[in-house]
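Biologist: I am new to this structure and should like a close look at the way its helices are packed together. Could you take me through that part, beginning with a single residue and working outward?

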Amino acid sequence: MTTDASVSDRPGEAVSLPWLLAETTIIQALGTAAVLTVPALAPAVALTLGVPSSFVGYQVGLVYLAAMLSSLVGGAVVSRWGPCRTGQTAMALTAAGCLLASIPQLAGMIAGSLAIGLSYGLINPSASDLLQRHSPAHRRNLFFSIKQTGVPIGGIMAGLIGAPMAVAFGWGAVLWAVAATCIVLMLALERGRARLDAHANPATRLLRSAGLGLTTIRSDRSLLMLAAASFCFSAIQLCLVAFLVVLLVEELQMGLVEAGMVLAAVQVMGAVGRLLWGHVADRIHSGLAVLTGLAALMAVVSTTILFVSPQWPLAAVIAAFMLLGLTGVGWNGVYLSEVARLSPLRAVGSVTGTAMFVTFAGVLVGPTLFSSVHNHVGSYIGSYGVLTGLAVIGGCLAAATWRRDRRKTGAAGRSPA
């Protein structure tokens with residue numbers, strides 16, 4: 001029997017749902033902190049490496065290029081090793097990447113960024129497999145959203161803790177701290193690993209399993225459009241968090257610590273948004289409707305930010321970015337829940353990995369495009385027109401998926417319980 005506190009997909013084996021949510025959320029938080037530490041400290045890192053601060057767009061792109069590649073085989077790795085062992089592997093790679101990136105040379109930053117990206121591509125397939133198997137269907141959006149609060153929590157760690165630590169001890173110390181925490185968590189995950197990985201199949205062929213996810217998405221128009229919408233949403237999210245600190249420091253004359261606090265506030269709103277939108281999606285029984293509404297709000301706020309200037313009241317500037325955080329950082333849990341809902345149970349990891357390949361492609365293209373536009377127009381604020389366009393396209397795709405799902409279910413927007 002399934003309960004909210006302890007659930008299982010195998011007779012006689014209860015899994016602690018609070019522990020499962022804590023495990024998946026912390027892994028997500030540490031993986032995200034590793035990804036966002038360099039962007040959060042971009043002015044200081046750029047000075048040490050002797051590159052312009054706009055390099056952060058290319059560094060983030062490199063991280064997500066590696067994440068795209070590993071996400072394609074992420075579901076296959078989960079099937080072969082089990083989701084918990086995959087999470088441990090992700091933490092080991094994250095630690096190694098942080099240590100490499102802390103070397104004050106461009107080569108170390110490149111190698112570390114690749115390792116961090118390889119790790120990040122494994123996180124969502126493993127977590128989606130665990131949550132889809134063990135979370136109650138009527139609360140799935142909320143539970144996926146709780147796990148996805150790890151992304152803004154990681155951003156908060158990078159902005160609120162990372163910036164003061166970098167000022168006191170140097171930016172390399174921030175990466176060392178993340179690495180040490182990852183190693184501790186990797187060891188802690190051994191508790192209960194055998195039970196969580198009981199359905200692993202060592203005979204799984206990595207390439208064949210990865211192909212299953214690609215085939216499933218290509219044959220399901222709803223999954224294909226949903227993944228395409230996530231391309232747009234992820235581009236918006238990473239452009240927001242990757243360039244926020246440097247925008248505030250260079251164009252609005254904030255200090256590094258103050259800008260880091262604004263980034264942390266944006267990430268807090270992202271965490272609130274993930275919980276809020278997951279709850280709303282469960283209440284109205286339609287995550288696709290929520291994603292459509294969020295896209296509309298992203299478009300409105302991004303357009304508003306185009307008019308931000310140093311003459312604006314500080315409270316108004318912070319409020320605009322926090323509202324974009326609520327929407328542009330708050331969509332992921334609902335998205336992953338919808339991908340899992342539309343996927344065959346045995347292929348959740350593979351389909352999630354393939355869908356995240358498309359999502360990460362947005363992260364790869366978005367900041368790189370944003371950097372290119374910035375280099376052309378000479379302003380981070382003026383580049384926000386890119387985000388408006390992405391929000392409109394993503395909203396149209398989400399709306400089309402929603403309409404298709406309504407016709408398919410015949411329930412006027414009500415997803416199957």
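Modeller: T216 is a suitable place to begin: in this predicted model, T216 has a relative accessible area of 15%, and because buried means under 20%, T216 counts as buried. The residue belongs to helix α10, which covers residues 206-219. Setting aside residues up to four places away in sequence, T216 touches L223, P344 and V351.

Two of these partners lead on to other helices. L223 falls within helix α11, residues 221-251, and V351 falls within helix α16, residues 348-377. Helix α16 may be taken up next. Its axis and that of helix α3 (residues 56-81) come within 7 Å and cross at roughly 170°. The two helices are therefore roughly antiparallel to each other, because an angle over 145 degrees is placed in that class. The residues that form the contact of α3 with α16 comprise 16 nonpolar and 12 polar ones, with no charged residue among them.

Helix α11 brings us to the nonpolar core. The largest such core has 118 residues, of which Y64, L248, F321, Y335 and Y384 touch the most other members. The greatest contribution to this core comes from helix α11, which supplies 19 residues. Y384 deserves a closer view. Apart from residues up to four places away in sequence, Y384 touches L240, L247, S302, I305, L306, F321, L324 and F370.

Several of these partners of Y384 return where α11 meets α14. From α11, the residues in this contact are F233, Q237, L240, L244, L247 and L248, and from α14 they are V317, F321, L324, G325 and G328. By class, eight of the residues in the contact are nonpolar and three are polar, while none is charged. The axes of α11 and α14 come within 10 Å, and they cross at roughly 155°. These two helices are therefore roughly antiparallel to each other, and α11 passes α14 in a left-handed crossing.

Helix α14 spans residues 314-328 and also holds T327. T327 is buried, at a relative accessible area of 0%. With neighbours within four places in sequence left aside, its contacts are W277, L294, L297 and M298. W277 lies in the range of helix α12, 256-284, whereas L294, L297 and M298 lie in the range of helix α13, 287-305.

The loops on either side of α12 each offer a point of backbone geometry. Most residues other than glycine have a negative phi. Q253, although not a glycine, has a positive phi of about 60°. Q253 is placed in the loop between α11 and α12, and its relative accessible area of 55% makes this residue exposed. H285 is likewise not a glycine and has a positive phi of about 60°. H285 lies in the loop between α12 and α13 and is partly exposed, with a relative accessible area of 33%.

From T327 one may also turn to L21. T327 and L21 are separated by 306 residues in sequence, and their C-alpha atoms are 22 Å apart in space. L21 is found in helix α1, residues 17-40, and counts as buried at 12% relative accessibility. Residues up to four places away in sequence being excluded, L21 touches L131, F143 and I146. One of these partners, F143, is 122 residues from L21 in sequence but 7.5 Å from it in space, C-alpha to C-alpha.

F143 and I146 fall within helix α6, residues 140-148, which has a packing partner of its own. Helix α6 and helix α15 (residues 332-342) pack at an angle of about 130°, and their axes are 7 Å apart. That angle makes α6 oblique to α15, and the crossing of this pair is right-handed. On the α6 side, the contact is made by R140, N141, F144, S145, K147 and Q148; on the α15 side, by N332, G333, V334, L336, S337, E338 and A340. By class, this contact has four nonpolar, six polar and three charged residues. Charged residues thus enter the description here, whereas the contact of α11 with α14 has none.

Notes
Residues numbered from 1 in each chain as written. Predicted model: local features only at pLDDT ≥ 70, side-chain atom pairs only at ≥ 80, totals over all residues. Heavy atoms only, no water. Core = buried A, V, L, I, M, F, W, Y, C linked by side-chain atoms within 4.5 Å. Buried < 20%, exposed > 50% of the residue type's maximum accessible area, 1.4 Å probe, protein only. Helix = DSSP H or I, 4+ residues; strand = E, 2+ residues; numbered from the N terminus. Contact = heavy atoms within 4.5 Å. Axes fitted to C-alpha atoms, helices over the stretch in contact; angles between N-to-C directions. Parallel < 35°, antiparallel > 145°, perpendicular 65-115°, else oblique. Left-handed = near helix turned anticlockwise from the far one by under 90°. Nonpolar A, V, L, I, M, F, W, Y, C, P; charged D, E, K, R; others polar.
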